[in-house]
Amino acid sequence: MNNRLVFDLMTAERSVRRWIDARSGDSGIGAAGAGVLFHLAGHDDALVGDVAAALCASPSGISGLVSRLEKGGFVAKAPDAGDARAVRLSLTPAGREAVATAKAVVRELNAEMSEGFDAAEMAVVSRWLGHITQRLA
């Protein structure tokens, strides 16, 4: 049994983030921002709190990230019609373009990460990662 699973997993996660960040160019989106954009692509007009929950992010962490994405022109904020304290997010046209670019980057990353592994091995990796998420959620 590998006693370094936690260390190896965290090191791999940092490598994945760096890889994505290096390919985000001067957009300023990065790995975390891409997560927000991907979520909004499937859940437009989402509450900020729902986005934070979907990404397992803290309210303070998501707040700064959303502000940067708004300043970059990728998302628009609007007050919630039913709750003046709540804020809804939607993708702008630039945000939709960024989603398309980020999807291409993720396809490339998935190919890079799975190189040398067959489908059965990748299924085990996927099952293991899902197991971690379920057990520790």
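This passage describes the fold, the sheet, the pockets and several individual residues of a predicted model.

The protein contains 6 helices and 3 strands. Read from the N terminus, these elements follow the order α-α-β-α-α-β-β-α-α. The C-alpha trace of the protein spans about 50 × 30 × 25 Å along its principal axes. The chain has 137 residues, and 26% of them count as buried.

The 3 strands form an open sheet. Their order in the sheet is S1-S3-S2, and the pairing is antiparallel. Strand S1 (46-47) and strand S2 (75-79) are the edge strands, each of which pairs on one side only. In general, the strands of a sheet pair through backbone hydrogen bonds, and the arrangement may be parallel or antiparallel. In this model, S2 is joined to strand S3 (residues 87-91) by 5 bridges, and the two strands run antiparallel. Individual partners can be named within this pairing. Ala76 has Ser90 in S3 as its bridge partner, and Lys77 has Leu89 in S3 as its bridge partner. On the other edge of the sheet, S1 is joined to S3 by 2 bridges, again in an antiparallel pairing. Here Leu47 stands opposite Arg88 in S3.

Two loop residues were noted for their backbone geometry. Asp45 lies in the loop between H2 and S1. Although Asp45 is not a glycine, its phi is positive, at about 65°. Asp45 counts as partly exposed because its relative accessibility is 41%, a value between the limits of 20% and 50%. The second such residue, Cys56, is found in the loop between helix H3 (48-54) and H4. Cys56 is likewise not a glycine and has a positive phi, of about 55°. With a relative accessibility of 75%, Cys56 counts as exposed, because the limit for that class is over 50%.

Empty space in the model was examined next. Such space is revealed by rolling a probe the size of a water molecule over the atoms. The largest pocket holds about 1,500 Å³ of space. Its lining comprises 34 residues, and those nearest the centre of the pocket are Leu9, Glu13, Val16, Arg17 and Leu129. Two or more residues of this lining come from each of helix H1 (5-22), helix H2 (30-42), helix H4 (59-71), helix H5 (93-114) and helix H6 (119-136). Among these elements, H1 gives the most to the lining, with 10 residues. Sorted by class, the lining of the largest pocket has 26 nonpolar residues, together with 4 polar and 4 charged residues.

The second largest pocket has a volume of about 170 Å³. Residues that line this pocket include Ile20, Arg23, Ser24, Ser27, Ile29 and Gly30. Also part of the lining are Ala34, Ala98, Thr101, Ala102, Val105 and Val106. H2 and H5 each supply at least two residues of this lining. The largest share comes from H5, which contributes 5 residues. By class, the lining of the second largest pocket divides into 7 nonpolar residues, 4 polar residues and 1 charged residue.

Contacts that involve aromatic rings were also considered. A pair of aromatic rings is described by the distance of the centres and the angle of the planes. A search of the whole structure finds 0 aromatic pairs. A contact between a charge and a ring is nevertheless present in the model, where the charged end of Arg23 sits over the ring of Trp19. The distance from this charged end to the centre of the ring is 3.7 Å. Arg23 is also one of the residues that line the second largest pocket.

A further residue considered is Lys103, whose place is in helix H5. Lys103 has a relative accessible area of 44% and is therefore partly exposed. Lys103 and Leu129 are 26 residues apart along the chain, and their C-alpha atoms are separated by 21 Å. Leu129 is among the residues nearest the centre of the largest pocket.

Definitions and conventions. Residues are numbered from 1 along each chain as its sequence is written. This is a predicted model: local features need pLDDT of at least 70, side-chain atom pairs count only at pLDDT 80 or more; totals for chains, interfaces and linings use all residues. Side-chain values use heavy atoms; hydrogens and water are left out. On a 1 Å grid over the protein atoms alone, a cavity is a set of points where a 1.4 Å probe fits but cannot get out, and a pocket is an open set with protein on both sides within 12 Å along at least five of seven lines; lining residues have an atom within 4 Å of a point. Grid points are joined across faces, edges and corners, and a volume is the space filled by probe spheres set on the points. Helices (H or I, at least four residues) and strands (E, at least two) are DSSP runs, numbered from the N terminus. Ala, Val, Leu, Ile, Met, Phe, Trp, Tyr, Cys and Pro count as nonpolar, Asp, Glu, Lys and Arg as charged, and the others, Gly among them, as polar. Rings of Phe, Tyr and Trp (its six-membered ring) pair if their centres lie within 6.5 Å; planes under 30 degrees apart count as stacked, over 60 as edge-to-face and the rest as tilted. A charge sits over a ring if NZ of Lys or CZ of Arg is within 6 Å of the ring centre and within 35 degrees of the ring normal. Buried means under 20% relative accessible area, exposed over 50%, partly exposed in between (1.4 Å probe, protein chains only). Two strands pair if DSSP finds at least two bridges between them.
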